[in-house]
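Reader: I am new to this structure and would like a guided look at it. Could you take my questions as they come?
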Amino acid sequence: MSDFPSFFDQIIDRLGGREAVQVLLGVGPSALSNYRMRASLPARQQARLAAALKEAGWLLDLDQLRLTPLRARGPLRILLIITGGIAAYKGLELARRLMDRGYHVTGVMTESAQQFITPLSLAALTGEKVYSALFSLTDESEMGHIRLARRADLVLIAPATANFLAKMAAGLADDLASTLCLATDSPVVAAPAMNPVMWAHPATQHNLATLQQRAVHIIPPQQGDTACGEIGTGRLPDAADIISYVDRQFSCRESALSGRHILVTSGPTYEPVDSVRYIANHSSGKQGHALAMACLARGAQVTLVSGPVQLADPPGARVIRVKSAQQMHDACIDSLPADAALCAAAVADWHVVGSRAKKIKKGTDGPPQLTLAENPDILASLSRHASRPALVVGFAAETENLKIQAMEKRARKKCDWIVGNLVGGTDMAEVFGADENQVSLVTQDGVEDWPRMSKQAVADKLADRIEEWFDEQHRQSKTA
């Protein structure tokens with residue numbers, strides 16, 4: 001937080017000076033000096049500053065020490081640059097999905113990208129002219145490459161080939177796309193896609209490090225089968241993952257979740273047998289963490305209660321790490337009140353009574369006799385609590401009769417929605433550790449079967465539904 005003092009000075013300047021901020025916070029000059037020196041603000045003062053800055057047209061991000069201007073009207077304008085790789089065809093789907101999210105998309109294609117898709121295809125999707133030539137007299141008279149670069153709120157390069165990354169790192173400007181990257185003063189995001197060996201090559205990694213030092217945002221490629229037939233890291237991230245990144249980093253759009261407290265549980269729980277062994281499950285936490293990121297992208301205040309996982313904490317979330325079901329239950333109850341609770345964790349149903357403080361040694365009498373007792377029911381506890389969240393969503397992983405089991409669980413737990421998925425099969429890692437999921441949403445209105453998609457896409461779709469639910473509640477309250 002070494003940059004906090006200068007950032008705090010910037011906040012004071014945006015709000016009209018020290019005296020104005022003192023009146024806003026109800027403190028004296030010494031308090032402001034203490035906040036500045038200690039790089040810390042009480043929660044109530046954070047809320048007051050965030051509200052005042054928002055009214056003044058700024059979005060406060062204390063985690064990133066960033067003030068982002070709020071757009072008074074109109075969507076965020078994205079300049080989508082598609083470079084020449086086999087993943088270029090995915091740029092069409094990305095453009096469509098960005099527009100579905102409410103972004104305004106203008107397409108730019110390199111000459112090599114046109115070997116895979118046509119400008120006409122991209123123009124048909126965006127409804128905008130697609131630009132490709134640097135020295136086009138028509139384009140220069142109508143807009144010019146400088147205006148094209150400057151009117152964008154964000155430059156997104158997807159896919160970004162190894163060649164284009166090298167050009168960016170070297171500062172070359174020999175075509176329209178590379179010139180725009182040099183001429184823009186807006187944030188630049190690159191989503192690389194290439195052969196796994198090319199991605200791992202020291203030259204590529206050096207170029208990436210150079211670009212990141214220049215504040216270019218890099219969305220790492222995914223691991224899997226590539227078009228060249230090799231397996232490794234190099235696949236273009238899914239459109240949903242790219243859009244989620246853009247949402248989290250740059251979108252200031254108003255959301256029904258903005259400012260709401262969302263409680264999310266994620267991962268497995270560990271129930272100790274002794275000091276060495278425990279009872280657990282195969283949950284990776286990917287779906288729960290994706291839900292936390294989707295809510296954060298919509299401006300929510302997220303508390304993530306997570307069991308043991310090998311995942312990075314979602315930036316901006318308040319993370320509470322637990323191991324056992326009892327610890328997760330207590331953390332959830334202590335985190336109330338909340339506007340919504342999304343219980344995506346795979347909580348163990350039982351724990352071992354009288355777990356040992358030392359390792360149980362193998363003896364001649366055979367395996368030890370373990371006595372199991374039920375763990376607290378987190379979903380039911382939240383659904384019946386005096387401070388019950390307005391919307392409680394549970395998850396159901398079943399091996400058979402998914403819809404029936406999910407509907408019965410919804411009624412039994414007294415929650416509002418259940419998100420169910422099948423986890424049958426011999427290799428549980430294919431389900432629990434996978435990047436994709438196929439779910440059914442069970443509500444009081446019935447069952448919706450969603451297609452198979454990435455877990456981030458599932459999270460985004462569920463977050464969209466939660467937004468709609470809160471919007472509907474707001475409309476009903478106004479007409480009541």
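Author: The answers below go through the sheets, some single residues and the unusual backbone positions of this predicted model.

Reader: Let us begin with the sheet of eight strands. What is the order of its strands?
Author: The order is β14-β13-β10-β15-β18-β19-β21-β22, in an open sheet with mixed pairing. The strands at its edges are β14 (318–321) and β22 (446–449), each of which pairs on one side only. On average, neighbouring strands in this sheet are turned by 15° against each other, with direction ignored.

Reader: How many bridges join β15 to β18, and do these strands run parallel or antiparallel?
Author: Strand β15 (residues 340–343) and strand β18 (residues 391–398) run parallel and are joined by four bridges. Ala340 has Leu391 of β18 as its bridge partner.

Reader: And what about β21: which strands does it pair with?
Author: One of its partners is strand β19 (residues 417–422), with three bridges in the antiparallel sense. Here Val419 has Leu441 of β21 as its bridge partner. Strand β21 is also joined to β22, again antiparallel, by four bridges. In that pair, Thr443 has Gly446 of β22 as its bridge partner.

Reader: How many residues lie between β21 and β22?
Author: There are two residues between them, and the two strands form a hairpin.

Reader: Are the faces of β21 covered or open? Which residues lie on each side?
Author: Both faces of strand β21 (residues 440–443) are covered. Ser440 and Val442 are on one side, Leu441 and Thr443 are on the other, and all of them are buried.

Reader: Let us stay with Val442. Why does it count as buried?
Author: Val442 counts as buried because its relative accessibility is 2%, and the cut-off for buried is under 20%.

Reader: Which residues is it in contact with?
Author: Apart from neighbours within four places in sequence, Val442 is in contact with Ala406, Met407, Arg410, Asp416, Trp417, Ile418 and Val447. A separate value concerns Gly394, which is 48 residues from Val442 along the chain: the C-alpha atoms of the two are separated by 9.7 Å.

Reader: Now Ser266. Where is it, and is it buried or exposed?
Author: Ser266 is in strand β10 (residues 261–266). With a relative accessibility of 0%, Ser266 is buried. Its contacts, leaving aside neighbours within four places in sequence, include Gly285, His289, Leu304, Met328 and Ala345.

Reader: Turning to the surface, which residues make the nonpolar patch?
Author: The patch is made by Ile279, Trp350, Leu370 and Leu372, and its area is about 370 Å². Of these, Ile279 belongs to strand β12 (residues 278–279). Ile279 is described as partly exposed because its relative accessible area is 31%, whereas a residue counts as exposed at over 50%.

Reader: What is the order in the sheet of five strands?
Author: That open sheet has the order β4-β3-β5-β6-β7, and its pairing is parallel. Its edge strands are β4 (104–109) and β7, each pairing on one side only. Strand β3 (residues 77–82) pairs with β5 in the parallel sense over four bridges, and Ile78 stands opposite Leu154 in β5.

Reader: Which strands does helix α6 touch?
Author: Helix α6 (residues 119–126) packs on this sheet and touches β3 and β4. The direction of α6 makes about 175° with that of β4.

Reader: A change of topic: where are the cis peptide bonds?
Author: One cis peptide bond joins Ala158 and Pro159, with omega about 0°. Pro159 lies in strand β5 (residues 154–160). Another cis bond runs from Leu336 to Pro337, with omega near 5°. Pro337 is in the loop between α15 (325–334) and β15.

Reader: What is the phi of Ala39, and where is that residue?
Author: Ala39 has a positive phi of about 55°, although it is not a glycine. Ala39 is in the loop between α3 (29–38) and α4 (43–55).

Reader: And Ala215? What is its phi, and is it buried or exposed?
Author: Ala215, which is not a glycine either, has a positive phi of about 75°. Ala215 lies in the loop between α12 (202–213) and β7 (217–218). With a relative accessible area of 55%, Ala215 is exposed.

Key:
Residues numbered from 1 in each chain as written. Predicted model: local features only at pLDDT ≥ 70, side-chain atom pairs only at ≥ 80, totals over all residues. Heavy atoms only, no water. Pairing = 2+ DSSP bridges. Axes fitted to C-alpha atoms, helices over the stretch in contact; angles between N-to-C directions. Patch = residues over 30% accessible without salt bridge, like charges linked within 9 Å, V, L, I, M, F, W, Y side chains within 5 Å. Areas by Shrake-Rupley, 256 points an atom, 1.4 Å probe, with all protein chains shown as cover. Salt bridge = Lys/Arg side-chain N within 4 Å of Asp/Glu carboxyl O. Buried < 20%, exposed > 50% of the residue type's maximum accessible area, 1.4 Å probe, protein only. Contact = heavy atoms within 4.5 Å.
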